[in-house]
Amino acid sequence: MLLYIKEILREGEKMNYCDQCGEKLIYKENGIDGKVPFCPHCQQFKFPAFNSAISAIVFNPDKDKILLIQQYGKPYHVLVAGYINKGENAKEALVREIKEELATDVKAEKILGVVDYDYPNFHLTMHCILCTIVSGDLKLLEHEAAKWVSKETLRSVDWLPADQLILDKIEQLL
């Protein structure tokens, strides 16, 4: 049954059923993301599971540290990340996500690598992009905390599995 539910998650561009419990999804307002599929049974927003995503490798002005954020209620720090919307490329998604989440303008420099990772419930394709701050003060709009990590502290963080796959390349740049 669960496999069948996963197969019917999308009808055209629309998700209809929860990938966890099979409940019919409703569309509920979720801040700047607008109306997002929501499972009334699980009480969770359900973002598309097979889209491509970006991760931003945001350097400090001296380019010797990168920015990590901590999402509300989560114990780990991660790179700023988000999904690529229909009609935009990876660099455009990165600029938009940083603006939405940190009220900061960045310049997307180049793609450091693309990570493919299979989590238990979805496949992630993540474009890891180097960027520099153009303007703004890194205001936390969607996150609990943020911190800068250096080459020396990079591996002291509890990384998500997909993020771990790009660490060697990040370390070479710091």
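Let me start with strand β4, residues 35-39, which pairs with β5 in the antiparallel sense over two bridges, and please keep in mind throughout that what we are looking at is a predicted model. If you follow this pairing residue by residue, you will find that Cys-39 stands opposite Gln-44 in β5. The pair belongs to an open sheet of three strands, in the order β3-β4-β5, with antiparallel pairing. The edge strands here are β3, residues 26-29, and β5, residues 44-45, since each of them pairs on one side only.

Now let us move along the chain to strand β7, residues 65-71. Is this strand enclosed or open to the outside? Five of its seven residues are buried, so β7 is largely enclosed by the rest of the structure.

Which strands pair with β7? One partner is strand β12, residues 143-150, which runs antiparallel to β7 and is joined to it over seven bridges, and another is strand β8, residues 77-78, also paired in the antiparallel sense, over two bridges. A good residue to hold on to here is Gln-70, because you can read both pairings from it: Gln-70 stands opposite Ala-145 in β12, while in β8 its bridge partner is His-77. The strands β7 and β8 form a hairpin with five residues between them, and in that turn Gly-73 has a positive phi of about 75°.

From β12 I would like to pick out His-143, which is found in that strand. His-143 counts as buried because its relative accessible area is 4%, and the cut-off for that word is under 20%. Its side chain is joined to the side chain of Glu-101 by a polar contact of 2.7 Å. Leaving aside neighbours within four places in sequence, His-143 is in contact with several residues, among them Ile-69, Gln-70 and Leu-102.

That last name takes us to the helix, as Leu-102 is placed in helix α2, residues 90-102. Is Leu-102 buried or exposed? With a relative accessible area of 1%, Leu-102 is buried. If we again set aside residues up to four places away in sequence, Leu-102 touches residues including Leu-67, Ile-69, Val-80, Leu-138 and His-143. Finally, to see how sequence and space can tell separate stories, take Leu-102 and Gly-136, which are 34 residues apart in sequence and 8.3 Å apart in space, going from C-alpha to C-alpha.

Conventions. Residues are numbered from 1 along each chain as its sequence is written. This is a predicted model: local features need pLDDT of at least 70, side-chain atom pairs count only at pLDDT 80 or more; totals for chains, interfaces and linings use all residues. Side-chain values use heavy atoms; hydrogens and water are left out. Helices (H or I, at least four residues) and strands (E, at least two) are DSSP runs, numbered from the N terminus. Buried means under 20% relative accessible area, exposed over 50%, partly exposed in between (1.4 Å probe, protein chains only). Contact means heavy atoms within 4.5 Å. Two strands pair if DSSP finds at least two bridges between them. A polar contact is a pair of N or O atoms within 3.5 Å; within protein, one must be able to donate a hydrogen and the other to accept it, and residues adjacent in sequence count only if both atoms are side-chain atoms.
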